[in-house]
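Biologist: Could you take me through one part of this model in detail, and then follow its connections outward to the rest of the chain? I would like a careful, continuous account rather than a list.

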Amino acid sequence: LLTQSAALSNTALGSATASSTAAPGTYSLFVEQVATNHQVSFGNLGDTPLAEAGTLKIKVGTGDFTVDLSKANSNTDQLLSVKEIAAAINAEPKNNSRVTASVITIGGVAQLVLTSNVSGTAGKLDFDTSGLGGGALETAMTPKPKELVEAKNAILWVGARPADGQDNGSRIEQSSNTFSNIDGVKMTFTKAQAIGDAPMTLTVALDSSATTTNAQSFVTAYNKLKALL
């Protein structure tokens, strides 16, 4: 019947929930960094003769998958467009939705944008273009792609962040923005604090209103059962 609540003093930074097993208390927290998803783009990609397509290996953290671009020409014009490359990456079964490919056109030039769906450094993207057909596509994709969003882990401090940032005893780093280090409490952060900001406060306490509602619901249900029996 008991319901616990969890509240952050600065709701612009995220949100928190508590289970009934969470112990009441107050905690000081500092969000140094939120986790981000790696995103890169390849430019100067035009229509590629299908004979020069080959295969593209995409690495996501410690895993990888290979896309056979020679089978990606959906309109059978023997030319591989940027949209067809993106579609082939998204449709590859071994991708398992780990990477999303899209096309952005800037100044009439199509760019292939790849976004990792695995947050933090665990989702960093890398590419092996040695299987491409040795033509213009390989030439355009072999240089390091432009990094649009760097892959970063989330960093949370229990208490204030030390000036030197070296106190590993109270520093938590992980690839997800959802933390469950406090027993029975789940916190999700969407924004980081500025260095020098005061820590925020997390308050875990009994939710009297919700507990009263639960108790009343139990009493009502019990009375209905008793009347039926």
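Modeller: In this predicted model, a good place to begin is helix α1, in which Val82, Glu84, Ile85, Ala86, Ala88 and Ile89 are buried. The elements that cover these buried residues include the strands β6 (55–60), β7, β8, β9 and β10 (109–116), together with the helix α2 (136–141). Ala91, which also belongs to α1, has a relative accessibility of 58% and therefore counts as exposed, since the cut-off for that class is over 50%. From Ala91 to Ser9 the C-alpha to C-alpha distance is 44 Å, with a separation of 82 residues in sequence.

Among the strands that cover the helix, β10 is itself mostly covered, with 6 of its 8 residues buried. β10 pairs with β9 in the antiparallel sense over 8 bridges, and within this pairing Ile106 stands opposite Val109. The hairpin formed by β9 and β10 has 2 residues between the strands, and Gly107 there takes a positive phi near 60°. β10 is also joined to strand β4 (residues 39–42), again antiparallel, by 4 bridges, and here Gln39 is the residue opposite Thr115.

The loops on either side of the helix deserve attention for their backbone angles. Most residues other than glycine have a negative phi. Ser97, in the loop between α1 (82–91) and β9 (99–106), has a positive phi of about 60° although it is not a glycine, and with a relative accessible area of 58% Ser97 is exposed. Gln78, in the loop between β7 (63–68) and β8 (79–80), likewise is not a glycine and has a positive phi, of about 65°. Gln78 has a relative accessibility of 49%, so it counts as partly exposed, the exposed class being reserved for values over 50%.

A further loop, between β13 (154–158) and β14 (171–174), holds Ser170. Ser170 has a relative accessible area of 13% and is therefore buried, because that class takes in values under 20%. The side chain of Ser170 makes a polar contact of 3.2 Å with the side chain of Asp167. When neighbours within four places in sequence are left aside, Ser170 is in contact with Leu156, Trp157 and Val158.

Turning to the open space at the surface, the largest pocket has a volume of about 190 Å³. Leu125, Asp126, Phe127, Lys144 and Pro145 are the closest to its centre among the 13 residues that line it. Strand β11 (residues 125–128) gives the most to this lining, with 3 residues. Taken by class, the lining of the largest pocket consists of 6 nonpolar, 3 polar and 4 charged residues.

Finally, there is an open sheet of 3 strands in the order β2-β16-β15, with antiparallel pairing. Its edge strands are β2 (14–18) and β15 (178–179), each of which pairs on one side only. Between β2 and strand β16 (residues 185–189) the antiparallel pairing runs over 5 bridges, and Ala18 has Val185 of β16 as its bridge partner.

Notes
Residues are numbered from 1 along each chain as its sequence is written. This is a predicted model: local features need pLDDT of at least 70, side-chain atom pairs count only at pLDDT 80 or more; totals for chains, interfaces and linings use all residues. Side-chain values use heavy atoms; hydrogens and water are left out. Two strands pair if DSSP finds at least two bridges between them. On a 1 Å grid over the protein atoms alone, a cavity is a set of points where a 1.4 Å probe fits but cannot get out, and a pocket is an open set with protein on both sides within 12 Å along at least five of seven lines; lining residues have an atom within 4 Å of a point. Grid points are joined across faces, edges and corners, and a volume is the space filled by probe spheres set on the points. Ala, Val, Leu, Ile, Met, Phe, Trp, Tyr, Cys and Pro count as nonpolar, Asp, Glu, Lys and Arg as charged, and the others, Gly among them, as polar. Buried means under 20% relative accessible area, exposed over 50%, partly exposed in between (1.4 Å probe, protein chains only). A polar contact is a pair of N or O atoms within 3.5 Å; within protein, one must be able to donate a hydrogen and the other to accept it, and residues adjacent in sequence count only if both atoms are side-chain atoms. Contact means heavy atoms within 4.5 Å.
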